[in-house]
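Welcome, and thanks for opening your viewer. Let's take a short walk through some charged side chains, one selection at a time.

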Amino acid sequence: MSTPYRINGSHGRIERAGAGAADSDRGGLVVLVVDDEEPGISTTRDMLNSNPRVGKVLTAFDAAEALRKLRQDNPELAGRPSDAPLVDAVFIDVAMPGLTGMDLARVLFSFENAPALVFITAHGENALEAFDLGAIDYVMKPASPERVERALRKVQRITMPLEGTTGEQAALNQGSGNAAIGSGGQDDHSVIPVELGGTTRLVQRSQVRWVEAQGDYARLHTDEGSHLVRIPLAQLEEKWADAGFVRIHRSYLVSLNLINELRMSSSGYSVLIAGGQYRETRELPVSRRHTRELKDRLVRSPRQRRE
């Protein structure tokens, strides 16, 4: 018989009827929370225990303890299927003594059967590195139950596909939709986090018209404006090459699909970048060293312009 669920009106979240934070082993996702601060552990654990997608929550105060928890002889993980990760997901903070969250992530991703990784942290500047490592979500503190629910949907889509799930799990998966970023056909670099007034916004790569180098930073130019991100232009050039971005100058990386015209004048080459919804056409210089490659790319690459 299926377990009834209810809506908690005060928090706007789904709960199992009769379930509370103490109900820590009820079938569902097994999650390990890694945070060096007790308030962080308690808050995340309580939100996870209150969510019907979660069956068991384990905790660790640093990376070393987390790795000890992730042993096959850990009695807390008895009964896990042999072909499944030892835990379904790890919710991890970034700043910790000893091995940082990023260090731990690298170790976890080396596992033959790695768990899904969700960062939950107050440090927004590490988001790009986290997604580059393979994290499926990056949750900023203080997190809400609704935000944690969105992260769990992503975990569940990876670990519990609709086909072959129980009735309860399938019902929970229904309605998840495509609200989460990081799955559904996007690659690891199709979004880039930017800081705006203390909040982290994820900018779609498809929104970027060109990128301008500013020292160790890069400025993303979109239809709506520009965003400064803490990543060198050379690194973006490498990550976005397969998505049709091409280096035209030491200071510029442009979307090949938006190049309307390659011009030659007495001062050298330049390109015209198609105007966006709110922007006029922009002319950018092409350096001599990048001219031949740009010409080759323009000839070889079939372009699908945005309407």
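**Stops on the salt-bridge tour**

Start by selecting R263, which is partly exposed at a relative accessible area of 34% (partly exposed lies between buried, under 20% relative accessible area, and exposed, over 50%, with a 1.4 Å probe and protein chains only). Before going on, note that this is a predicted model, where local features need pLDDT of at least 70 and side-chain atom pairs count only at pLDDT 80 or more, while totals for chains, interfaces and linings use all residues. Residues are numbered from 1 along each chain as its sequence is written, and side-chain values use heavy atoms, leaving out hydrogens and water.

Now add E283: its side chain meets that of R263 in a salt bridge, 3.8 Å from N to O (a side-chain nitrogen of Lys or Arg within 4 Å of a carboxyl oxygen of Asp or Glu). This pair links distant parts of the chain, with E283 in strand β17 (residues 282–286) and R263 in strand β15 (residues 259–265), 20 residues apart; strands are DSSP runs of E, at least two residues, numbered from the N terminus. E283 is partly exposed too, at 43%.

Next, select D35, D93 and K141, which salt bridges with shared partners join into one network.

Then move to R71 and D73, whose closest N and O atoms are 3.0 Å apart in a salt bridge. Here R71 is partly exposed at 45%, whereas D73 is exposed at 53%.

Finish at R45 and D46, where the salt bridge spans 4.0 Å, N to O. Feel free to keep exploring: the whole structure holds 15 salt bridges.

Terms used: Helices (H or I, at least four residues) and strands (E, at least two) are DSSP runs, numbered from the N terminus.
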